[in-house]
Amino acid sequence: LTSMTTSLLLACLLLSPLPAAPPTKGEPTNAAEAAAKKAAAKKLVDEQYATWVSKLTPEQQAWERVLQENLGGFYLPIHKRQKVAGESNAWDFVQDDPDLPRVLLIGDSVSRGYTQSVRKALAGRANVHRAPANCGPTSLGVRKLDVWLGDGKWDVVHFNFGIHDRNTSLADYGQRLEQLVESMKKTGAKLVWATTTPIPDDPAKKQTAVSIVERNESAAQIMQKHGVVTDDLFTAVTPQLETMQNPNDVHFNAAGYDFLGQQVGKAIGDVLK
């Protein structure tokens with residue numbers, strides 16, 4: 001009887017559900033708690049960013065307000081986190097050296113990626129600014145160009161539109177691009193067009209490699225018509241894609257952005273001469 005009782009007790013213990021392990025300290029137990037932690041982290045960054053901005057000069061604060069109005073819901077939080085952490089980025093305030101020419105970079109996230117490298121390439125030779133946005137498609141450029149140009153005088157504007165126009169009709173793309181060129185020419189700046197860098201075929205994203213070739217060809221005709229210098233990034237980086245472009249992505253790794261920045265710096269330097 002004793003042996004049978006022991007066996008029954010053991011069987012009950014084995015069949016009984018084990019008590020749930022307590023959640024690891026610091027990990028959210030549900031979606032609501034995770035959302036609350038995310039909101040709290042965002043609030044903290046916002047507060048720290050506001051404190052950081054309050055200590056800037058009036059000119060620097062004005063630049064931050066422009067960024068706040070134009071970077072959007074994706075890039076502005078990144079910018080805030082970087083500034084709070086004391087990191088430099090493509091949208092750093094640029095204190096002009098009055099003895100150097102002023103250069104403006106206009107372009108999408110690829111352009112953002114090589115901005116810092118361009119600044120290094122032209123250090124001591126030019127004040128390199130960046131438009132306060134991921135400049136996206138030509139349709140956004142038509143609406144926002146005045147904001148990107150600001151009130152200052154530019155000696156060189158280096159610009160690109162293409163990846164975000166991959167599904168724009170060639171007719172609309174060409175018409176808007178020409179409109180943008182005509183508007184930028186009125187600033188008196190020397191213009192440098194950057195050919196759009198290659199993209200991989202990706203049916204899921206509705207993108208094809210040939211779409212960029214077609215838009216570069218359309219842009220080439222417009223730039224030739226208006227006498228705009230071309231910085232052929234497409235041709236320069238194509239042989240390097242295997243080692244410099246992220247797999248199945250339009251973006252580049254650090255080596256790729258450094259390479260592109262050097263190419264852009266050389267193109268701008270040649271124009272400044």
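**Salt bridges, pockets and a cavity in a predicted model**

Asp-270 is partly exposed, with a relative accessible area of 38% (buried means under 20% relative accessible area, exposed over 50%, and partly exposed in between, with a 1.4 Å probe and protein chains only). The model is predicted, so that local features need pLDDT of at least 70 and side-chain atom pairs count only at pLDDT 80 or more, while totals for chains, interfaces and linings use all residues. Residues are numbered from 1 along each chain as its sequence is written, and side-chain values use heavy atoms, with hydrogens and water left out.

Asp-270 forms a salt bridge with Lys-266, with 3.1 Å between the closest N and O atoms; a salt bridge is a side-chain nitrogen of Lys or Arg within 4 Å of a carboxyl oxygen of Asp or Glu. Lys-266 is exposed, at a relative accessible area of 54%. The two residues are four apart in helix α11 (residues 254–272), and are therefore separated by about one helical turn (helices, H or I with at least four residues, and strands, E with at least two, are DSSP runs numbered from the N terminus). Elsewhere, Lys-42, Asp-46 and Lys-80 are joined into one network by salt bridges that share partners.

Nine salt bridges are found in a search of the whole structure. One of them pairs Asp-92 with Lys-83, the closest N and O atoms being 2.6 Å apart, and both of these residues are buried. In another, Lys-153 is paired with Asp-155 at 3.6 Å between the closest N and O atoms. Lys-153 is exposed, with a relative accessible area of 57%, whereas Asp-155 is partly exposed at 29%.

Open and enclosed spaces were located on a 1 Å grid over the protein atoms alone: a cavity is a set of points where a 1.4 Å probe fits but cannot get out, a pocket is an open set with protein on both sides within 12 Å along at least five of seven lines, and lining residues have an atom within 4 Å of a point. Grid points are joined across faces, edges and corners, and a volume is the space filled by probe spheres set on the points.

The largest pocket has a volume of about 450 Å³. It is lined by 24 residues, of which Trp-63, Arg-102, His-129, Gly-150 and Trp-154 are the closest to its centre. At least two lining residues come from each of α3 (58–70), β1 (102–106), β2 (127–130) and α6 (138–149), and α3 gives the most, with four. The lining comprises 13 nonpolar, four polar and seven charged residues (Ala, Val, Leu, Ile, Met, Phe, Trp, Tyr, Cys and Pro count as nonpolar, Asp, Glu, Lys and Arg as charged, and the others, Gly among them, as polar).

The second largest pocket holds about 210 Å³ of space. Its lining includes Lys-42, Asp-46 and Lys-80, the residues of the salt-bridge network. Helices α2 (31–54) and α4 (72–84) each supply at least two lining residues, with α2 giving the most, five. By class, four residues of this lining are nonpolar, none is polar and five are charged.

One cavity of 30 Å³ or more is found in the whole structure. The largest cavity contains about 70 Å³ of space, and among its lining residues are Gly-107, Asp-108, Tyr-114, Asn-160 and Leu-233. Helix α5 (residues 109–121) provides the largest share of this lining, three residues. The lining of the largest cavity has five nonpolar, six polar and one charged residues.
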